[in-house]
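Here is a short set of exercises to work through with the model open beside you. Try each task before reading its solution.

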Amino acid sequence: MSTVKRLIHMLGRYSALMVLSIMLATASVILTLYVPIIFGDAIDNIVENGVNLEAVVKYLTKAGIVAASAAAMQWIMNIVNNRITFETVRDIRDKAFKKIEILPLKYIDSHPHGELVSRVIADVDQLADGLLLGFSQFFTGMVTIIATLIFMLTISWKITVIAVVLTPLSLFVARFVSKSTYDLFKKQSQIRGRQTALIDEMIGSQKVVNAYNYTQRSHDRFASVNDELTKTSTKAIFLSSLVNPTTRFVNAVVYAAVGLGGAFSVVGGAISVGSLSCLLNYANQYTKPFNEISGVVTELQNALACAQRIFDLIDAEPQ
């Protein structure tokens, strides 16, 4: 959490862009959620009055304009998110470079140069990827969940309750798996730093390695570190990849429950066929953010582990 808080503090410099991103995400989500209402109205119109091509074209045109507007908002939001991410990454690298210039020699000598290079280059790149995915999925996801619930409540509060009651199962599964994988990603980042340091040392001192007949031993050392990295990465990626399919299973249960409850409501006359169509669309929209966020949990955890290593360098005691 301390790493997350520190990242949020650094992002504070770009609060205006973040507000713009949230506004664009909100507008995009609301327009996207309005499309099922248009199709629901079209279905109700067909059920009541039969097929009228002129009316169908009118509804399709309206849906197309709304969908195109939502896509434009999403495109602009992605540009803003890119700007926030890479401005923040530039600031972090700038801090790291300035800190390296004032570090005592004992720190430089006690840390392999390749490991420092790995923090400034590889770890910051991983952080950038994680931040970009986080912005893209988190803002849109949170707005989608809240807005979808509001739209569902306007149609049927009973069916909305079914979706809300079943949702914590998805969150519980995601939390259980992600908690287990964070330490593995942290270890992976550390091993990658050792590997980079070893490569830098052996290639930079190639003449000395050959002169002292150290080639085979350097190969063995690399093979050992590489094997350790392979095992740790495989465990981390495998465990984190379980989040998405398990949450998808829970979300499929939510969709089925909404469909069953909605069908009974249609038979009982509580809602129309068009409203049932809207509810089923909203059930998909409501569960979609959970799938997307769980799908990028690997990148997010990796980014946090890398951020911690970068901040350790920035926080080192200067000369």
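**Exercise 1. Work out what share of the protein chain is buried, and describe its overall form.**

Step 1. Of the 319 residues in the protein chain, 42% are buried; buried means under 20% relative accessible area, exposed means over 50%, and partly exposed lies in between, with a 1.4 Å probe and protein chains only. This is a predicted model, in which local features need pLDDT of at least 70 and side-chain atom pairs count only at pLDDT 80 or more, while totals for chains, interfaces and linings use all residues. Residues are numbered from 1 along each chain as its sequence is written, and side-chain values use heavy atoms, leaving out hydrogens and water.

Step 2. Count the secondary structure: the protein chain has 11 helices and zero strands, where helices (H or I, at least four residues) and strands (E, at least two) are DSSP runs numbered from the N terminus.

Step 3. Check the dimensions. The C-alpha trace spans about 90 × 40 × 35 Å along its principal axes. The radius of gyration is 26 Å, whereas a compact globule of 319 residues would have one near 20 Å; the radius is taken over C-alpha atoms, and the globule rule is 2.2 Å times the number of residues to the power 0.38.

**Exercise 2. Find the largest nonpolar core and the helices that supply it.**

Step 1. A nonpolar core is a set of buried Ala, Val, Leu, Ile, Met, Phe, Trp, Tyr and Cys residues joined through side-chain atoms within 4.5 Å. The largest one here has 21 residues, and Ile-92, Leu-127 and Leu-313 have the most contacts inside it.

Step 2. At least two residues of this core come from each of helices H1 (2–11), H3 (53–101), H4 (105–110), H5 (113–155) and H11 (297–314).

Step 3. Now look around Ile-92. Beyond its neighbours within four places in sequence, Ile-92 is in contact with Leu-7, Met-10, Val-124, Leu-127, Ile-310 and Ile-314; contact means heavy atoms within 4.5 Å.

Step 4. A second, separate core has 20 residues, including Val-29, Phe-151, Ile-159 and Ala-283.

**Exercise 3. Is Ser-189 buried or exposed, and what does its side chain meet?**

Step 1. Locate Ser-189 in helix H6 (residues 157–204). Ser-189 counts as buried because its relative accessibility is 0%.

Step 2. Its side chain makes a polar contact with the side chain of Asp-123 at 3.4 Å. A polar contact is a pair of N or O atoms within 3.5 Å; within protein, one must be able to donate a hydrogen and the other to accept it, and residues adjacent in sequence count only if both atoms are side-chain atoms.

Step 3. Setting aside residues up to four places away in sequence, Ser-189 touches Asp-123, Ala-305, Cys-306 and Arg-309.

Step 4. Compare Arg-192, also found in helix H6. Arg-192 is buried because its relative accessible area is 16%, and its contacts beyond four places in sequence include Asp-123 and Cys-306.

**Exercise 4. How many disulfides does the model contain?**

Step 1. Apply the rule that a disulfide is a pair of cysteine sulfur atoms within 2.5 Å. The count comes to zero.

Step 2. Check two cysteines: Cys-278 is buried at 6% relative accessible area, and Cys-306 is buried at 0%.
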